[in-house]
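User: I'm new to reading protein models and would like to learn how to go through one feature at a time. Could you walk me through it?

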Amino acid sequence: MSNESNPLRTLVDFFRFKKIELSSESLVSKGIYSTLDYRAIMDSAPYDTKRKKLFLDEAVKKRKIKSLSKGKPGTIISRVLPESRNENNGIDVSLYISDKTGSRNAVKWRFNTFGGRSKCPVCKGIFSLTHASKCYGLENTDSLFTFDTVKELIERLDFLSNALKK
Ligand SMILES: [Zn+2]
């Protein structure tokens, strides 16, 4: 898409022309139209107006959901991957698990309360999420929080939960 027909480019020029002050952190100041993401979206958008609108709506939705997971490393927000979220409303897959125990375990995992301060049978320390990989060799449990891998997630959390009860 050429700059002349790009409404964002026109908007930025309009702001400059009117000498409207913008925060240096705003997307407009940073030139959203020149970011790789934006260009990739625009380059793959269909030419047909109707199809283009649907395509862009979808792209914006995906962008929003991706942004929801932007948090400081280690926070719950940052652990909820974009793939973990319902693509329409951004809600975490853990809230869609119909199996009662599976759902309870998944929500507890998300809130770091899984294992409820019980003793880890392997190292005898107080169990926390890191013990899943450290003591049971079960890596990347957070990455199992997707709609495609939910069955595997439930099985893993069930296994850990039972191991902690013993
Ligand atoms: Zn342990």
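**Reading a predicted model, step by step**

Analyst: Let's start with Gly115, which counts as buried because it has 21 C-beta neighbours inside 10 Å. Keep in mind that this is a predicted model.

User: Where in the chain does Gly115 sit?

Analyst: Gly115 is in the loop between H6 and helix H7, and H7 covers 130-134.

User: And which residues does Gly115 touch, if I skip those up to four places away in sequence?

Analyst: Those are Phe127, Ser128 and Leu164. Take Ser128: it is 13 residues from Gly115 in sequence, and the two C-alpha atoms are 6.8 Å apart in space.

User: How do I read a residue with fewer neighbours?

Analyst: You count again and compare with the cut-offs: 20 or more other C-beta atoms within 10 Å means buried, 12 or fewer means exposed, and in between is partly exposed. Arg117, also in the loop between H6 and H7, has 8 C-beta neighbours inside 10 Å, so Arg117 counts as exposed. Asn112 is found in that loop too, and with 11 other C-beta atoms within 10 Å, Asn112 is exposed.

User: What about the in-between class?

Analyst: Try Arg9, in helix H1, residues 7-17. Arg9 has 17 other C-beta atoms within 10 Å, so Arg9 is partly exposed.

User: Okay, next feature: what about backbone angles?

Analyst: One thing to look for is a positive phi in a residue other than glycine. Arg117 is such a case, with phi near 60 degrees. Asn140 also has a positive phi, about 50 degrees, although it is not a glycine.

User: Where is Asn140, and is it buried or exposed?

Analyst: Asn140 is in the loop between H7 and H8. It has 8 C-beta neighbours inside 10 Å, so Asn140 counts as exposed.

User: Now, how do I read a core?

Analyst: Here's the general idea: in soluble globular proteins, nonpolar side chains tend to be buried together. In this model, the largest nonpolar core has 12 residues, including Val93, Trp109, Phe114, Ala132 and Leu160. Helix H6 (100-110) and helix H8 (150-165) each supply at least two residues of this core. The largest share, 4 residues, comes from H8.

User: Can we zoom in on one core residue? What does Ala132 contact, leaving aside its neighbours within four places in sequence?

Analyst: Ala132 is in contact with Leu138, Thr141 and Leu160.

User: How do I describe the way two helices pack?

Analyst: Look at how their axes approach and at what angle they cross. The axes of H6 and H8 come within 9 Å and cross at roughly 80 degrees. H6 and H8 are therefore roughly perpendicular to each other. On the H6 side, the contact is made by Thr101, Gly102, Asn105, Ala106 and Trp109, while H8 brings Leu153, Ile154, Leu157, Asp158 and Ser161.

User: What kinds of residues are those?

Analyst: In the contact of H6 with H8, there are 5 nonpolar residues, 4 polar ones and 1 charged.

User: Last one: how do I read the overall layout?

Analyst: Check the domains, then how far apart they lie. Here the chain is divided into domain 1 (3-69) and domain 2 (93-165), and their C-alpha centres lie 40 Å apart. You can also pick single residues: the C-alpha atoms of Arg9 and Phe114 are 105 residues apart along the chain and separated by 49 Å. For Asn112 and Asn89, 23 residues apart along the chain, the C-alpha separation is 23 Å.

Key
Residues are numbered from 1 along each chain as its sequence is written. This is a predicted model: local features need pLDDT of at least 70, side-chain atom pairs count only at pLDDT 80 or more; totals for chains, interfaces and linings use all residues. A nonpolar core is a set of buried Ala, Val, Leu, Ile, Met, Phe, Trp, Tyr and Cys residues joined through C-beta atoms within 7 Å. Two residues are in contact if their C-beta atoms, placed from the backbone, lie within 7 Å. Axes are lines fitted to C-alpha atoms, for helices over the stretch in contact, and angles run from 0 to 180 degrees between N-to-C directions. Angles under 35 degrees count as roughly parallel, over 145 as roughly antiparallel, 65 to 115 as roughly perpendicular and the rest as oblique. Ala, Val, Leu, Ile, Met, Phe, Trp, Tyr, Cys and Pro count as nonpolar, Asp, Glu, Lys and Arg as charged, and the others, Gly among them, as polar. Domain bounds come from an automatic or database domain assignment.
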